[in-house]
Amino acid sequence: MSNKEKNCIFCKISKGEIPCRKIFENKKFLVLLDIKPVNHGHILVIPKKHVVWMQEADDKTIEDIFKLTKKMMLTLKKSLKCDYVQVSVVGNEVPHFHIHLIPRYKGDNFKNFPTMEYKESEADKVLNKIIKAI
Ligand SMILES: [Zn+2]
């Protein structure tokens with residue numbers, strides 16, 4: 001095990017070394033209440049195996065974690081009567097792949113990401129760069 005993994009807060013939580021408010025657990029995943037919620041009922045879905053970025057996880061893990069995520073979204077809607085659930089995979093706050101599920105309500109007025117405009121021909125350049133890399 002690497003030092004980074006040893007000091008990883010989500011690895012420690014997965015192993016039960018740090019307590020959490022657990023919602024669901026199986027062999028591969030853990031679902032817990034975020035201690036600093038954007039909204040009440042903000043939860044995290046994490047794989048127990050340490051990977052930093054989502055794209056580093058194997059395909060089966062991705063398949064299974066998103067199936068579990070869907071199940072948890074339905075659970076949040078049912079239990080908290082939210083209008084929808086925001087899914088966010090950012091990955092730079094704790095360096096261990098995790099999915100945020102945030103209960104949202106119409107008119108809760110959270111700001112979305114700031115947006116920008118493309119200058120002339122910039123959009124096509126970016127588009128072509130991405131397409132070439134597929
Ligand atoms: Zn970790």
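**Pockets in the predicted model**

Helix 2 provides the largest share of the lining of the largest pocket, namely 3 residues. The structure considered here is a predicted model, and the pockets described below were computed from its protein atoms alone. Rolling a probe the size of a water molecule over the atoms shows where empty space is left.

The space in the largest pocket comes to about 340 Å³. A total of 18 residues line this pocket, and those closest to its centre are F10, D34, I35, K36 and L44. Two elements, helix 2 (9–14) and strand 2 (29–33), give two or more residues to the lining. Sorted by class, the lining of the largest pocket holds 11 nonpolar residues, alongside 3 polar and 4 charged ones.

We can turn next to the second largest pocket, for which the volume is about 240 Å³. Which element gives the most to the lining of this second largest pocket? Strand 5 does, with 3 residues. Strand 5 spans 99–104, and along with strand 4 (84–88) it supplies at least two residues of that lining, as does strand 4 itself. The residues that line the second largest pocket are V38, Q86, S88, V90, E93, H100, I102, R104, F110, K111, N112 and F113. In terms of class, 5 of the lining residues of the second largest pocket are nonpolar, 4 are polar and 3 are charged.

Note on methods: Residues numbered from 1 in each chain as written. Predicted model: local features only at pLDDT ≥ 70, side-chain atom pairs only at ≥ 80, totals over all residues. Heavy atoms only, no water. 1 Å grid on protein atoms, 1.4 Å probe; cavity = no way out; pocket = protein on both sides within 12 Å on 5 of 7 lines; lining within 4 Å. Points joined across faces, edges and corners; volume = space filled by probe spheres on them. Helix = DSSP H or I, 4+ residues; strand = E, 2+ residues; numbered from the N terminus. Nonpolar A, V, L, I, M, F, W, Y, C, P; charged D, E, K, R; others polar.
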